[in-house]
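Please open the structure in your viewer and keep the selection panel at hand. The tour below proceeds from one selection to the next.

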Amino acid sequence: MSEFLFLFKGGRPLTPETPPETVKKQMERWNKWGAQLRDRGYLMATDRLASARKIVSSKTMVTDGPYAEGKEIVGGYMIIKANDLNEATEVSKDCPIFEYDGSVEVREIVKMEM
């Protein structure tokens, strides 16, 4: 089996103005999906990412976020185990982010010798 990274991009982010019942419903959906993946033996790790961020594009160029293109914002990640990229892609298709116009980037993790 290999490890794969899901990057959750875009969607409608939770903000301080989001009604509490909406936040609760959305988080329950994510927790249920994560529990299903864990119970099926796929899930290895997952977390949300803080909204504060910086992009370093050279030694001297640092850009503070947030950024205008919401569809490019990575809001969280998940690491799963799957047999191949096709299986990992199938696993991603039940992700709750699709209910909020977001996307999942699926990437195989290639271990490096250090």
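The stops that follow concern a sheet, a helix and the aromatic rings of a predicted model.

**Stop 1: the sheet**

Begin by selecting the strands in the order β2-β5-β1-β6, which together form an open sheet of 4 strands with antiparallel pairing. At the edges lie β2 (43–48) and β6 (102–108), each of which pairs on one side only. Averaged over the sheet and with direction ignored, neighbouring strands are turned by 15 degrees against each other.

Next, restrict the view to β2 and β5 (residues 74–82). These two strands run antiparallel and are joined over 5 bridges. Within this pairing, select leucine 43: opposite this residue stands isoleucine 80 of β5.

**Stop 2: the helix on the sheet**

Now add helix α1, residues 20–39, which packs on the sheet and touches β1 (2–10), β2 and β5. The direction of α1 makes about 160 degrees with that of β2.

How far apart are the end C-alpha atoms of α1? They are 28 Å apart, which agrees with the 28 Å that 20 residues should span at 1.5 Å a residue.

Colour α1 by burial. The buried residues here are Gln26, Trp30, Trp33, Gly34 and Leu37. Looking down the helix axis, one finds the buried residues of α1 within an arc of 100 degrees, so they line one face of the helix. As background, an α-helix has 3.6 residues a turn, so residues three or four places apart point the same way. The cover over the buried residues of α1 includes β1, β2, β5 and α2 (85–92).

Rotate to the face turned away from the buried side of α1. Exposed residues found there are Pro20, Glu21, Lys24, Lys25, Asn31, Lys32 and Asp39.

**Stop 3: glutamine 26**

Return to the buried side and select glutamine 26, a residue of helix α1. Is this side chain buried or exposed? Glutamine 26 has a relative accessibility of 10% and therefore counts as buried, the limit being under 20%. Leaving aside residues up to four places away in sequence, glutamine 26 touches Arg12, Leu14 and Tyr100.

**Stop 4: the aromatic rings**

Display the aromatic side chains next; the structure holds 5 aromatic pairs. Select phenylalanine 8 and tryptophan 30: their ring centres are 4.9 Å apart and their planes stand at 80 degrees, so this pair is edge-to-face. Because phenylalanine 8 lies in strand β1 and tryptophan 30 in helix α1, the pair ties together parts that are 22 residues apart in sequence. Phenylalanine 8 counts as buried at 6% relative accessibility, and tryptophan 30 is likewise buried, with a relative accessible area of 19%.

Keep phenylalanine 8 selected and replace tryptophan 30 by tryptophan 33. The ring centres of phenylalanine 8 and tryptophan 33 lie 6.2 Å apart with the planes at 70 degrees, so this pair is also edge-to-face. Phenylalanine 8 in strand β1 and tryptophan 33 in helix α1 are 25 residues apart, and their pair links distant parts of the chain. Both phenylalanine 8 and tryptophan 33 are buried.

To complete this view, select Phe6, Phe8, Trp30 and Trp33 together, as ring pairs link these residues into a cluster.

**Stop 5: the end of the helix**

Finally, follow the chain to glycine 41, just after α1. Glycine 41 takes a positive phi of about 85 degrees.

Key:
Residues numbered from 1 in each chain as written. Heavy atoms only, no water. Pairing = 2+ DSSP bridges. Axes fitted to C-alpha atoms, helices over the stretch in contact; angles between N-to-C directions. Contact = heavy atoms within 4.5 Å. Buried < 20%, exposed > 50% of the residue type's maximum accessible area, 1.4 Å probe, protein only. Phe/Tyr/Trp six-rings, centres within 6.5 Å; stacked < 30°, edge-to-face > 60°. Expected span 1.5 Å × (residues − 1). Arc of directions from axis to C-beta.
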